[in-house]
Amino acid sequence: MKKTNLKIFALAVPFLILASCSKTQEPDTSEAVSWDATNYVLFNEFMECVPGTDFSQEALDEMIAAWRDLGLSPDLLGAWGYAPASENNTLTNREWELSWSSQEAADSAWADWMGNSDAQEWSDKYESVMRCDGENRNGFEFVFPYDPYRFGQSPEDGSFAANFIACTLNEGQGQEELTNALIAYNNWLDGLNADAVGGFYAYGVYFPVDPESEVDYWYGNFHINMDGMQTGMGLWEDTGASTKAILDSTGTCENPEIFQGQVFYDPNNPDFS
């Protein structure tokens, strides 16, 4: 995810965790930590991907399965693919998200990848299926401020719906105000009936590591499916007015970028497809 007309802004992540939970620590990679790593600061990257002349869902599935068979870094905590699902998106390419235990671990794994002949062979073989811009990937410090399984488990087939919302802090607003806004949103979620939500919903916050990013933070909202997204938006419109006012007073956000998501890699189920 990337914007232009950049401005200088650097936002530290740990304040969010200090205010909303009891621990701030890196995930223990001696055991697999997937995208349910609530309250940890992770390092997530996005690559833009463009389908090639041989693209199909079947070819993409084969490509991802072959990628998983290459022997992935133990510091890779998850991977997901996103296909644009709205004509109103300004992000029109596909996206590939990678989650790591740290930026240093990601950089080391990428260095190994670039020197791996099997990886190069894989890239050449599937270039006509989908080509991803790994060189210009965008890095974020990422947190789940709320239990991602509060409303149920994610779909077993790895599919989900997602939207990403770019935000900038309003004049005079900072870390404390954003923390309080997220706590207010968590409190609103606490008041929802799980049956009314209709299944899995999670949200996370992405903080760009690029100090010149014009975006201060992104919300990522993850739903069981597109119908679940519509249900969630309806609940927000019907019952979230006071909480929305707090969020709006803190930051100015753009329209959501809507995607159909798919799990590419889950270390708790490495053969997932």
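This report walks through the overall fold, one helix, one residue and one cavity.

## Overall picture

The model is predicted, so local features need pLDDT of at least 70 and side-chain atom pairs count only at pLDDT 80 or more, while totals for chains, interfaces and linings use all residues. Residues are numbered from 1 along each chain as its sequence is written, and side-chain values use heavy atoms, with hydrogens and water left out.

The protein chain holds eight helices and ten strands (DSSP runs of H or I, at least four residues, and of E, at least two, numbered from the N terminus). Of its 273 residues, 49% are buried (under 20% relative accessible area, with a 1.4 Å probe and protein chains only). Among contacts (heavy atoms within 4.5 Å) with a separation of 6 or more, 83% join residues 24 or more positions apart.

## Helix α5 and Thr250

Helix α5 covers residues 175-190, and its end C-alpha atoms lie 22 Å apart, in agreement with the 22 Å expected for 16 residues at 1.5 Å a residue (1.5 Å times one less than the number of residues). Its buried residues include Leu178, Ala181, Leu182 and Tyr185.

Thr250 belongs to helix α8 (residues 241-250). This threonine is buried, at 3% relative accessible area. Beyond neighbours within four places in sequence, Thr250 contacts residues including Glu177, Leu178, Ala181 and Tyr217.

## A lined cavity

What lines the second largest cavity? Its lining is Cys49, Leu60, Gly81, Tyr82, Arg94, Glu95, Trp96, Met130 and Phe264. Strand β3 (94-100) and strand β2 (76-84) each supply at least two of these residues, and β3 gives the most, with three.

Definitions and conventions: Buried < 20%, exposed > 50% of the residue type's maximum accessible area, 1.4 Å probe, protein only. 1 Å grid on protein atoms, 1.4 Å probe; cavity = no way out; pocket = protein on both sides within 12 Å on 5 of 7 lines; lining within 4 Å.
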